[in-house]
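Reader: I am in my first year, and I would like to look closely at a single part of this model before I try to take in the rest. Could you choose one place and guide me through it slowly, explaining each term as it comes up?

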Amino acid sequence: MRIDSVELRHIRMVLVSPFVTSMGTEYDEEHIIVRVDGEGVTGWGESVAEGTPFYSYETVQTAWHILRDFLIPSILGKDIKDINEAISLYEQVRGHMMAKAGLEAALWDAFAKSKNSSLSTLLGGTRKKIDVGVSIGIQSSEKELIHKVEGYLQEGYKRIKIKIAPGNDLQYVIALRREFPGLLLQVDANSAYTLNDIDLFKKMDSYNLSLIEQPLGYEDIFDHSKLQRELHTPICLDESIHSLDDTRAAIELDSCRIINIKPGRVGGFTESKLIHDYCASMKIPVWHGGMLESGIGRAGNVALASLPNFTLPGDISASKRYYREDIVEPEFVVNPDGTMDVPVKPGIGVEVNMKMLDKVTVRKEIFKI
Ligand code: OSB
Ligand code: MG
């Protein structure tokens, strides 16, 4: 496919409620929408770099710079036979996984549409529906958290993840366990603790959590192996995993027993698939993380999560859990049985609502040959 033009849009979407984590409070979400046009086909992707460098060093501005000055020039005007060829054209660029993943996603959508295949099928997906969960930010009280959880369970969500931070941790786990003894429950610390907090995690160990996500340093693999040794609850790594190599190190060191895959964090669907396949061969379950994506990024996540080793419910929730109005049609919904349908139409399988997209766009740039 010859790449005729690439368009970048900096978008800002207001969250239905603030999202509080150990990294701070988010009121709205800024991402980059990537549009690729070639041979009459349009592909869409989303780069999940945020407005702030608090989850990752990448931001909308750094991703825009890497896309505009390095990634887009490497593919623009080229006749690319497949995704691997595109990746090889910019493999010289180190890091900047979210910038790369946004472009790769748009190319996957374009290639899938050109083959009249759904993205799920092209990626090797085997499921028509995926199990989904919800990630809940830190609430003002245990009562408030229980109320929120009740609402989400009523909507069908199959598992609950709560954010924790020092001072807002064990009491919430205890409260939820008391109220919902059989609940599939996990916690996410976003790197807020150190090995000095080992006693806290030993206490948490007796509340039957499905996993503890990224308790220690955001680049750490070694200290997590020391913590995992002391716990029965599986540790799951998010922030620390940027590649298949990181995954191998983490699994071989027994730093975690579950992996959270986010295509944005590992440079795209191609690396995500390598991690997925390696984990399957090592009998390590994976699940799909989330970055509060718009419907464009969400569509890609749903397609990837349809691969067979995504055996745990993902952080993939309904559009309305995040935004009053999404930028795709139809919006993503959760079925009463806690599943989400995998789109079957070509590519990402949903239409971009151009009117809504224009409304949330704060900056746009088009690159042509
Ligand atoms: O750590 O998983 C995380 C959102 C932004 C940055 C990091 C994380 C998250 C979430 C939200 O937990 C998950 C979702 O999109 O529903
Ligand atoms: Mg996380």
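Author: What follows looks at the metal site and the ligand pocket, and then at one sheet of the chain.

The model is predicted: local features are reported only where pLDDT is at least 70, and side-chain atom pairs count only at pLDDT 80 or more, while totals for chains, interfaces and linings use all residues. Residues are numbered from 1 along each chain as its sequence is written, chains are lettered from A and ligands numbered from 1 in the order in which they are written, and side-chain values use heavy atoms, with hydrogens and water left out.

Let us begin with the metal. The magnesium ion (ligand 2) is coordinated at 2.1 to 2.3 Å by Asp188 (OD), Glu213 (OE) and Asp238 (OD). Donors here are N, O and S atoms within 2.8 Å of the metal (3.2 Å for Na, K and Ca), and the site may look incomplete because water is not among the atoms. Written along the sequence, these donor residues follow the spacing D-x24-E-x24-D. The pair of Asp188 and Asp238 links distant parts of the chain, 50 residues apart, with Asp188 in strand β7 (residues 185-188) and Asp238 in the loop between β9 (235-237) and α9 (244-252). Helices (H or I, at least four residues) and strands (E, at least two) are DSSP runs, numbered from the N terminus.

Are these two aspartates buried or exposed? Asp188 counts as buried because its relative accessibility is 1%, and Asp238 is buried too, with a relative accessible area of 0%. The word buried means under 20% relative accessible area, whereas exposed means over 50% and partly exposed lies in between (1.4 Å probe, protein chains only).

A further residue to find is Gln214, in the loop between β8 (212-213) and α8 (222-229). Gln214 has a positive phi of about 40 degrees, although it is not a glycine, and with a relative accessible area of 0% it counts as buried.

Now turn to ligand 1, which brings Asp188 back into view. There are 16 residues around ligand 1, and those that come nearest are Lys163, Asp188, Asn190, Leu292 and Tyr322; a residue is near a molecule or strand if one of its heavy atoms lies within 4 Å of it. Several polar contacts can be followed, a polar contact being a pair of N or O atoms within 3.5 Å (within protein, one must be able to donate a hydrogen and the other to accept it, and residues adjacent in sequence count only if both atoms are side-chain atoms). The side chain of Asn190 places a polar atom 2.8 Å from an oxygen atom of ligand 1, and in the side chain of Ser135 an N or O atom is 3.0 Å from an oxygen atom of this ligand. Leu292 takes part through its backbone, where a polar atom is 2.8 Å from an oxygen atom of ligand 1. Of the 390 Å² of accessible area that ligand 1 has on its own, the protein covers 100%; such areas come from the Shrake-Rupley method with a 1.4 Å probe, and for residues only the protein chains shown count as cover.

Helix α12 (residues 295-304) is largely enclosed by the rest of the structure, because 10 of its 10 residues are buried. Among them are Gly295, Arg298, Asn301 and Leu304.

For contrast, consider a sheet. Four strands form an open, antiparallel sheet in the order β3-β2-β1-β15, and two strands pair if DSSP finds at least two bridges between them. Its edge strands, β3 (41-47) and β15 (361-368), each pair on one side only. On average, neighbouring strands of this sheet are turned by 25 degrees against each other, direction ignored.

Strands β1 (residues 5-21) and β2 (residues 24-38) are joined by 13 bridges, and they form a hairpin with two residues between them. In β2, Leu8 has Val34 as its bridge partner, while Glu7 is partnered by Arg35. Seven bridges then join β2 to β3, and one residue to look for there is Ile33, whose bridge partner in β3 is Glu46. In the hairpin of β2 and β3, which has two residues between the strands, Glu39 takes a positive phi near 50 degrees.

Notes:
Axes are lines fitted to C-alpha atoms, for helices over the stretch in contact, and angles run from 0 to 180 degrees between N-to-C directions.
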